[in-house]
Amino acid sequence: MSSKTFDNAQVVNRERFSTSVKVVVIGLGALCLVYAVANLPRTTIGWGFLFVLAFAALASPHVTLTLPRSRFAISFADSLIFLAFLLYGGEGAIILAAVETLANCLYLKRSGHPWGPLMIPTNIAINILATTTTFIVLLIVQGIAGPDFTPEKTQHLITLLGVLGLSQFMMSSSFAAIFHTLKTGESLWETWKKYCFSSSMTQIVGIGLAGIVFKLVNYGDIITAATALLAIAVAFLSYRQSIGEVNTAFAQVEEAERAKAAAERERRLEAESHASQLQLALSKEEQANIALRKSERDFQHAALHDSLTGLANRKNFGDVLRRMIEESKADSSIAFQVLFLDIRGFKDINDSLGHTIGDKVLVVAAKRFIRMLNPGDVVARIGGDEFAIILRDLPNADKAQKVARRIYKSLTQPFSLGGHSITIDLNIGIAPSDPEYDTPEEILRDADIAMHFAKEKNDGPAVFNREMRDRFLERIRLEMDLRHAVERNEMSLHYQPIVSLTDGRLIGFEALLRWHHAKMGMIPPFRFIPIAEDSGLILPITIWILHESCRQLAEWQKIAPEYRDLVVSVNISGKHLTKNLLIDDVVGALQSSRVAARTLKLEITESTAMENAEHTIHILGRLKEIGVQLSIDDFGTGYSSLSVLHRLPFDTLKIDRSFVNRVGEHGEDSEVLQTVISLAKNLKMRVIAEGIETKPQLAVLQNLGCDYGQGYLLAKPKGREETEELLYKRPQWLPSEQIADDDGQPRDGRSISDSITLH
Ligand code: C2E
Ligand code: MG
Ligand code: MG
């Protein structure tokens, strides 16, 4: 049970008890009153008694005093009760007490006093009982004192009044205290002390007043009576005033206390509401702080990580690398390796399978990288398909190479995505830490250089060395210069004659590009062609070659009737072949030079042709429609698939010079030539052999039925003017002894088969 419910139960019990006590008191009071009325001596009832009763009923209610902080009023009419005791005995006093109390209560009720249902009879009964008790006390005292004890004797009167006053005061104040206690539950003694003791004053005054009136009634001295009554009136009024003031002061104090309590309650409520508002504001602020910290963390994470793979980004990687460079500078025993990795042909994955698959491929790669590394290592995505790794605590580049190979092996395992089986390939460059590095960019640049080297060599991970950097820098320089080479007239064409091996007739030329660098002099094609291809510069350069060689051919075809069908062969890069624009470029060159399409031959290396065979078949088909000739270059190096080869519309097949080279002084090692030539014949292609340097090589080729030849033995590539001079000179292109007669025999009378032994 809660304390509140308990309190309520106590109040209910107290009220029930109080009501019971009231009923008992009323019953006893009624009995006492009946007794008093029955035993009132007949001699008592006269005008005097009736006057006193009338006075008690009409006047006494106006001379009451309300006790401070109490609902019990003590009437001055109590003095009438004492007087009734003295004049008419106990029974008269009891009747008077009943009348006087009834009058007082009714008066108070009219004044708005909130009497409970039993309070008026209870008050009357209390006064009757108090008066009855006083009567009994008086009888006891008179019994003890003997028949001599009468109020007429002044000394007896004082004692009598004392007993009366004391008894009446004790009884009435005790009853009042009991009922107050029953109502409030406060302690009886405290209640009596607090609210009832002060009523003793009225009793004393009442006793005095009763004594005086009794004396006056006995002696009839008007002046004394007037003086006494005046003194009593003054005392009464001043006392009533002071009581009034006390009551007012109490009321004010109570009001002030109530106001104070209300203000305190309001302040407390306000404070509580402020506290809860503050709590709310604090929790909101806390939530805002949490959200802010989270977005700060997200922001920081986003600033330092790649959103697709979740790996560190370039900046993050750079920061770590910078710290590591500083650490290794401070402590030379700290060594690490930086790997630069790029996914080979990633662009093709993106182009053929779409960017979504491309993204997933990067995510797979990222996961595999993480799996392969130690916890202290760092892996970052630093570009589209470029990743970088720091291998910590690894002084040895060989070990780094081993790790790189393991990474390579893991990354190149096939996996399937969206129904496609995908295999990725990697280029890996390694740069070991070195005191010469001051910035992350420097070490990353060298790892990148090594990666490019690895890409070129296609022979696994490459470890950076300074030579690579020099080459790389040179390459950069060359690339920059190459951009302006054509417009600066640094590019020129050399022409190498291609000769019929059967009759020594000049068939045409292969146009070979030459670069006379203003500062570096002649730069060989193997150094600048790959740069031109990588940078895309090969396209404008080839367009220039097509126009220049066709223009030149047109001129030379006019020199003599036997040159009318001279053919110029132009090398076409794989980069250009993938572009449909090649068709337009070729048509443009033919149109501007007005040479016949069949006199332009395009050379495409075997590896280029096979790289994207279907596309090559398509483009070559369209070129064939234009009417140009097509030649497969460097044949034997590109692992042709025969099924593809016979679908490619090539007119001629040019055997790679490495096969020609192999043929020795006595015509040995010619098996491959033999195979290639018979293959070409089967495919209905003419055969050109390039790189013919020796007579035995020439003899073998002639003997095997090779159609055309090209090589230093016949003629070296020469510039425009020298070539033109040759055209006018009409030289003998084949060594004289190797020009076959009409019967196919060399002019010196020996057959080729006589002079050369075929192996
Ligand atoms: P290629 O197309 O196979 O050209 C033939 C190369 O063999 C030429 O080298 C030529 O000078 C060389 N050669 C010819 N006969 C002999 C010989 O008897 N012995 C030796 N050792 N070499 C001989 P070059 O001019 O240095 O060209 C090398 C390669 O550069 C060419 O091989 C070709 O792949 C490329 N190239 C040259 N010019 C161009 C061009 O205009 N466009 C393109 N895309 N590539 C070109
Ligand atoms: Mg060629
Ligand atoms: Mg070649």
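Guide: A polar contact is a pair of N or O atoms within 3.5 Å. The model discussed here is a predicted one.

Visitor: How far does a polar side-chain atom of Arg514 lie from an oxygen atom of ligand 1?

Guide: Arg514 belongs to the residues that come nearest to ligand 1, together with Gln496, Arg657, Glu693 and Tyr712. For a polar contact the two atoms have to lie within 3.5 Å of each other. The side chain of Arg514 meets that limit, since its polar atom and an oxygen atom of ligand 1 are separated by 2.8 Å.

Visitor: How much of ligand 1 does the protein bury?

Guide: Two further side chains reach nitrogen atoms of ligand 1: an N or O atom of Gln496 is 3.0 Å from one, and an N or O atom of Glu693 is 2.5 Å from one. Taken alone, ligand 1 exposes 780 Å², and the share of this area that the protein buries is 84%.

Visitor: Which element gives the largest share of the shell around ligand 1?

Guide: There are 19 residues around ligand 1, and three elements, β11, α15 and β15, each supply at least two residues of the shell. The largest share amounts to 4 residues, and the element that supplies them is β11.

Visitor: Which residue coordinates both the magnesium ion (ligand 2) and the magnesium ion (ligand 3)?

Guide: The magnesium ion (ligand 2) has Glu510, Asn571, Glu603 and Asp633 as its protein donors, at 2.1 to 2.2 Å. The magnesium ion (ligand 3) is coordinated at 2.1 to 2.5 Å by Asp633, by Asp634 and by Glu690, the last of which is listed with two OE donors. The two ions lie 3.8 Å apart, and the residue that bridges them is Asp633.

Visitor: How many residues apart are Asp633 and Glu690 in the chain?

Guide: Along the sequence, the donor residues of the magnesium ion (ligand 3) follow the spacing D-D-x55-E. Asp633 lies in strand β15 (residues 629-635) and Glu690 in strand β17 (residues 686-690), so that this pair links distant parts of the chain, with a separation of 57 residues.

Visitor: Does Asp633 count as buried or exposed?

Guide: A residue counts as buried if its relative accessible area is under 20%. Glu690 stands at 8% and therefore falls below that limit. Asp633 has a relative accessibility of 4%, and so its class is likewise buried.

Visitor: Is Asn571 buried or partly exposed?

Guide: Among the donors of the magnesium ion (ligand 2), whose spacing is E-x60-N-x31-E-x29-D, Asn571 in strand β13 (residues 567-571) and Glu603 in strand β14 (residues 600-605) form a pair that links parts of the chain 32 residues apart. Glu603 is buried because its relative accessibility is 1%. Asn571 reaches 27%, and the limit for buried is under 20% while exposed needs over 50%. Asn571 is therefore partly exposed.

Visitor: Which side chain does the side chain of Ser573 contact?

Guide: Ser573 is found in the loop between β13 and α17 (574-577). Its relative accessibility is 6%, and it therefore counts as buried. Its side chain makes a polar contact, at 3.2 Å, with the side chain of Glu533.

Visitor: How far apart in sequence are the parts that Phe85 and Phe135 tie together?

Guide: A search of the whole structure finds 10 aromatic pairs, one of which joins Phe85 and Phe135 in a tilted arrangement, with 6.4 Å between the centres and 45 degrees between the planes. Phe85 lies in helix α3 (residues 78-110) and Phe135 in helix α4 (residues 119-145), so the parts that the pair ties together are separated in sequence by 50 residues.

Visitor: Are Phe85 and Phe135 buried or exposed?

Guide: The relative accessibility is 6% for Phe85 and 10% for Phe135. Because the limit is under 20%, Phe85 counts as buried, and Phe135 also counts as buried.

Visitor: What kind of aromatic pair do Trp515 and Phe528 form?

Guide: The ring centres of Trp515 and Phe528 are 5.6 Å apart, and 80 degrees separate their planes. Trp515 lies in strand β11 (residues 506-517) and Phe528 in helix α15 (residues 525-535), 13 residues apart. Since planes over 60 degrees apart count as edge-to-face, the pair of Trp515 and Phe528 is edge-to-face.

How values were computed:
Residues numbered from 1 in each chain as written. Chains lettered and ligands numbered in written order. Predicted model: local features only at pLDDT ≥ 70, side-chain atom pairs only at ≥ 80, totals over all residues. Heavy atoms only, no water. Donors = N, O, S within 2.8 Å, 3.2 Å for Na, K, Ca; no water. Buried < 20%, exposed > 50% of the residue type's maximum accessible area, 1.4 Å probe, protein only. Phe/Tyr/Trp six-rings, centres within 6.5 Å; stacked < 30°, edge-to-face > 60°. Near = heavy atom within 4 Å. Polar contact = N/O pair within 3.5 Å; in protein donor to acceptor, adjacent residues only side chain to side chain. Areas by Shrake-Rupley, 256 points an atom, 1.4 Å probe, with all protein chains shown as cover.
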